[in-house]
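Please open the model in your viewer and keep the selection panel at hand, since each stop on this tour asks you to pick something and then look around it.

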Amino acid sequence: MQLSRTQIIEKLKEILISADERNGALAARAEESASLRGDFGFSSVNMLYLVIAIEESFGIEFDDVSMSDFETLGDVVDYIAGKLG
Amino acid sequence: MSRSEINAKSPHNYIFYYFVKYTAALPGLIWMRPKILFESEAAAERIRGGAILIANHMGFFDPVYMMFAVWYRRQHFVCLKSFFEGKAGWLFRQFHCIPIDKNNFGMGSFRAIIDELKKDEVVSLFPEGKVNDGSGELAAFKSGVVLMALRSGKPIIPIYVRPKKHWYERLRVMIGEPIRVEMPAVSFQKIDAFAALLHDKEERLKELTGG
């Protein structure tokens, strides 16, 4: 399944809307340059949950990644695009 | 650390684990004279299948106390990655401990934990993430344990180990009722709220043991 970067971000926004109960506050900031720690305030557990949700939503399997492998949302998009590849 | 690295370095048997467990059991029983208490009748039932044991963290011997509390099951302790470095790492691997980087909890450790739980093994950890500062107050719980229970579908068993005030006191350990983590819609906030609930539960067990 090939998806454009815009489509990947749209799916990520859907995941963030369901994962965050603050009326889409995270989804509103979902740009490729957004920092996962700084802008989203993610902990390593938040990141693990995001990875699990992405795996289920995109039908891909992540390698044994951790928080330090992704600085920005753009890095996550790159990773997903590479897996869908 | 990747899951394949963790699995490759673990021994394929439990010979050393059982050898140490049973040779140390008698001296440990004589010295600590553990008194195992239960929150309720449901808590007193034997733990069957996969389960996550959580306890307060006072010091290096906490895993031993947990082994006395649930003596009939072998346990895989989640330990800091740094413990596996150097010669001491051999010992932790022989005990089938699972390394974790508490500042950078990754999918490798997470999947290794889920693998053990799905094999109906018992995984034991200290959700405070550090040894207690000596005040006796429980630190906030890390929420990774909630995600482990959600992903594996296995229950969490809370345990409180009462610190000994005098050397001649018996070791008192309180086992709580199993807690199932069930959420119709998972969110970051619900995961954090459940971790806070587990902390409250541990406080309750602390009260029941007399602090």
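Begin by selecting strand E3 (residues 75–80) of chain B together with strand E5 (residues 122–125) of chain B, which pair in the parallel sense over three bridges. Helices (H or I, at least four residues) and strands (E, at least two) are DSSP runs, numbered from the N terminus, and two strands pair if DSSP finds at least two bridges between them. On E3(B), B:Gln75 can be found opposite B:Val122 in E5(B). Now add strand E4 (residues 98–100) of chain B, which runs parallel to E3(B) and is joined to it by three bridges, and look for B:Cys79, which stands opposite B:Pro99 in E4(B).

Before going further, please note that this is a predicted model, in which local features need pLDDT of at least 70 and side-chain atom pairs count only at pLDDT 80 or more, while totals for chains, interfaces and linings use all residues. Residues are numbered from 1 along each chain as its sequence is written, and chains are lettered from A and ligands numbered from 1 in the order in which they are written.

Next, select B:Lys81, which lies in the loop between E3 and helix H5 (88–94) of chain B. Is B:Lys81 buried or exposed? It counts as partly exposed, with 17 C-beta neighbours inside 10 Å; a residue is buried if 20 or more other C-beta atoms lie within 10 Å of its own, exposed if 12 or fewer, and partly exposed in between, with C-beta atoms placed from the backbone. If neighbours within four places in sequence are left aside, B:Lys81 is in contact with B:Met1, B:Pro99, B:Ile100 and B:Asp101, where contact means that the C-beta atoms of two residues, placed from the backbone, lie within 7 Å. A distance label from B:Lys81 to B:Gly210, C-alpha to C-alpha, should read 34 Å, for two residues that are 129 apart in sequence.

Two loop residues with positive phi values come next. B:Arg33, in the loop between helix H2 (15–32) and strand E1 (35–38) of chain B, has a phi near 40°, a positive value in a residue other than glycine, and it is partly exposed, with 13 other C-beta atoms within 10 Å. B:Asp120, in the loop between H6 and E5 of chain B, has a positive phi of about 65° although it is not a glycine, and with 12 C-beta neighbours inside 10 Å it counts as exposed.

Move on to B:Phe68, which you will find in helix H4 (residues 62–69) of chain B. Which residues does B:Phe68 touch, not counting those up to four places away in sequence? They are B:Gly28, B:Met32, B:Pro34 and B:Val173. B:Phe68 is partly exposed, with 19 C-beta neighbours inside 10 Å.

Now colour helix H7 (residues 144–152) of chain B, whose buried residues are B:Gly144, B:Val145, B:Val146, B:Leu147, B:Met148 and B:Ala149. What covers these buried residues includes H3 of chain A together with strand E2 (51–55), helix H6 (107–118), E5, strand E6 (156–162) and helix H8 (188–208) of chain B. After H7(B) comes B:Gly153, whose phi is positive, near 75°.

One of the residues just coloured, B:Met148, is in contact with B:Ile113, as are B:Val78, B:Ile98 and B:Val123, again leaving aside neighbours within four places in sequence. B:Ile113 is also among the residues with the most contacts inside the largest nonpolar core, which has 68 residues, and A:Leu48, B:Ile52, B:Leu53, B:Ile54 and B:Ile159 are listed with it. A nonpolar core is a set of buried Ala, Val, Leu, Ile, Met, Phe, Trp, Tyr and Cys residues joined through C-beta atoms within 7 Å. The largest share of this core, seven residues, comes from helix H3 (residues 44–58) of chain A.

Finally, show both chains and select where they touch, a contact that takes 17 residues from chain A and 18 residues from chain B. On the side of chain A, helix H1 (5–19) and H3 are the elements that give two or more residues, and H3(A) provides the largest share, seven residues.
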